[in-house]
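Open the model in your viewer and keep the selection panel at hand. We will go stop by stop.

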Amino acid sequence: MNSIELFGTVTSPYVRRVRIVLKEIGRAYRWVDTSQPEGQSLMRDLNPLWKIPTVRLDGRAIFDSGVIVRQLLKAFGHGGLALHDPDDVEVCRVVTVTDGVLDALINSFYLKKEGVSDQTPYLQKQEGRSRAALAWLESEVRGPWLTRTHRFGLPEIGLITALEWMMFRQVYPVDQHPRLVEFLKQHQARESIASTGPERE
Ligand SMILES: N[C@@H](CCC(=O)N[C@@H](CS)C(=O)NCC(=O)O)C(=O)O
């Protein structure tokens, strides 16, 4: 029997990707809440980057949502998800841009929370980068899909979790991109999405 421990918070979009994949492949796991001091300290003992998600799979720590989900798919199969080819250039492009804009907005969110002015040149650059990246992603979506597989997979999970986090934290006016809003709508009833939102667990 495999053991999976997931260290994270319910509001983190990167952690949510792992929660969605675990639901899609039907795997139970032990949840360790890192917003609590004890969980945070356990996570820091495992992950030198002090970031979530962190997973302990059969006793071995794995870091980074991308690495974690690929290991989970390799160990347990894809369930109902599209087969994932991490070397596919089309997949790499959308995943890299999604992660880039999410990292930029998370970074700005934390800095602004700590009092850094949004007029700071680097934060202005992060905002411009976010706008450019989301406009590019908007030009890439084809209805509910981001790649030519036209199946639900990791690129879609990445974009859904990123957009819903932006809306939840109100860090970016997602409604300025109608095709991204439409993309989101087409996935929101899916069980793994509907049951894992930041407000819903
Ligand atoms: N590339 C990482 C990013 C993870 C990440 O940035 N997680 C955030 C929470 S959403 C975090 O742990 N931030 C803590 C910090 O930066 O101090 C991944 O895909 O897992």
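Domain bounds here come from an automatic or database domain assignment. Remember throughout that this is a predicted model.

**Stop 1: the two domains.** Select residues 4-76 and colour them as domain 1. Then select 89-191, which is domain 2. Over C-alpha atoms, the centres of domain 1 and domain 2 lie 21 Å apart.

**Stop 2: where the domains touch.** Domain 1 puts six residues into the contact, and domain 2 puts in seven residues. Which helix gives the most to the domain 1 side? Select residues 13-24: this is helix α1, and it contributes five residues. By character, the domain 1 side that touches domain 2 has four nonpolar residues, two charged and no polar.

**Stop 3: the ligand.** Now show the ligand and its shell. Select Ser12, Pro13 and Tyr14. Add Trp50, Lys51, Ile52 and Pro53. Then add Asp64, Ser65 and Gly66, and finish with Ile106. Helices α1 and α3 (65-76) each supply at least two residues of this shell. The shell divides into six nonpolar residues, three polar and two charged.

**Stop 4: Glu164.** Select residues 154-169 to bring up helix α6, then pick out Glu164 within it. Is Glu164 buried or exposed? Glu164 is buried, because 21 other C-beta atoms lie within 10 Å, and the cut-off for buried is 20 or more. Finally, draw a distance from the C-alpha atom of Glu164 to that of Pro13: it should read 8.1 Å. Along the chain, Glu164 and Pro13 are 151 residues apart. Pro13 is also one of the residues surrounding the ligand.

Technical notes
Residues numbered from 1 in each chain as written. Predicted model: local features only at pLDDT ≥ 70, side-chain atom pairs only at ≥ 80, totals over all residues. Contact = placed C-beta atoms within 7 Å. Helix = DSSP H or I, 4+ residues; strand = E, 2+ residues; numbered from the N terminus. Nonpolar A, V, L, I, M, F, W, Y, C, P; charged D, E, K, R; others polar. Near = placed C-beta within 6 Å. Buried ≥ 20, exposed ≤ 12 C-beta atoms within 10 Å, placed from the backbone.
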